[in-house]
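Welcome, and thank you for stopping by. Let us take a walk through a protein model together, one region at a time.

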Amino acid sequence: MKKNMGKVDRVIRMFFAAIFVLIVTFGIVHGTFAIILLILAASFALNAINAFCPLYLPFNFSTRKKKS
């Protein structure tokens with residue numbers, strides 16, 4: 001897995017993962033939607049930790065800065 005996520009992209013994903021978990025934890029959403037939010041939160045967190053987004057691969061897209 002070649003890293004394809006920059007620092008800003010990673011921070012944004014971790015932020016949304018935390019927000020999704022808090023929304024479910026405080027009971028703002030319930031049921032199926034809560035489960036979907038938790039799955040998205042886990043996905044965002046794992047992508048941010050690994051600095052790799054599989055959806056960027058088919059488009060050859062990267063938010064990571066090139067090393068000079």
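The paragraphs below go from the inside of the model to its surface and then to a few single residues.

Before we set off, please keep in mind that this is a predicted model. Residue numbers start from 1 along the chain, so you can follow each stop in the sequence as well as in the picture.

A good place to begin is the inside. Which residues make up the largest nonpolar core? There are eight of them: A17, F20, V24, V29, A34, L37, A41 and A45. Both α1 (7–25) and α2 supply at least two residues of this core. The biggest contribution comes from α2, which gives four residues. If you would like to find that helix in the picture, α2 covers 31–50.

While we are looking at the helices, try F44, which sits in helix α2. Its C-alpha atom is separated by 6.5 Å from that of M14, although F44 and M14 are 30 residues apart along the chain. Is F44 buried, partly exposed or exposed? With a relative accessibility of 21%, F44 counts as partly exposed, because buried would require a value under 20%.

Now turn to helix α1 and look for a pair of charged side chains. How many salt bridges does the structure hold? There is one, and it joins the side chains of R13 and D9, with 3.1 Å from N to O. These two partners share helix α1, where they are four residues apart, or about one turn of the helix. Are R13 and D9 buried or exposed? Both R13 and D9 are buried.

Helix α1 also takes us out to the surface. Among the residues to look for is F15, found in this helix. Together with V8, I12 and F16, F15 makes a nonpolar surface patch of about 400 Å².

The surface has a charged area to show as well. Which residues form the positive patch? They are K2, K3, R10, R64, K66 and K67. One of them, K67, belongs to the segment after α2. K67 has a relative accessible area of 77%, so this residue is exposed; the cut-off for that word is over 50%.

Let us stay with the segment after α2 for the last part of the tour. L57 lies here, and its relative accessibility of 53% means that L57 counts as exposed. What separates L57 from K2 in sequence and in space? The two are 55 residues apart in sequence, while 9.5 Å lies between their C-alpha atoms. You have already met K2 as a member of the positive patch.

Two more residues deserve a look for their backbone angles. A51 is found in the segment after α2, and its phi is near 55°, a positive value in a residue other than glycine. N60 has its place in the segment after α2 too. Its phi is also positive, at about 50°, although N60 is not a glycine. Which of these is buried and which is exposed? A51 counts as buried because its relative accessibility is 1%, whereas N60, at 74%, counts as exposed.

That brings our walk to its end. If you go back to the picture once more, you might start again from the eight residues of the largest nonpolar core, then pass by the salt bridge of R13 and D9, and finish at the positive patch that includes K67.

Conventions. This is a predicted model: local features need pLDDT of at least 70, side-chain atom pairs count only at pLDDT 80 or more; totals for chains, interfaces and linings use all residues. Side-chain values use heavy atoms; hydrogens and water are left out. Patches are made of residues with over 30% relative accessible area and no salt bridge: like charges are joined within 9 Å, nonpolar side chains (Val, Leu, Ile, Met, Phe, Trp, Tyr) within 5 Å. Accessible areas come from the Shrake-Rupley method with a 1.4 Å probe; for residues, only the protein chains shown count as cover. A salt bridge is a side-chain nitrogen of Lys or Arg within 4 Å of a carboxyl oxygen of Asp or Glu. Lys and Arg count as positive and Asp and Glu as negative; His and the chain ends are not counted. The place of a charge is taken as NZ of Lys, CZ of Arg, CG of Asp or CD of Glu. Buried means under 20% relative accessible area, exposed over 50%, partly exposed in between (1.4 Å probe, protein chains only). A nonpolar core is a set of buried Ala, Val, Leu, Ile, Met, Phe, Trp, Tyr and Cys residues joined through side-chain atoms within 4.5 Å.
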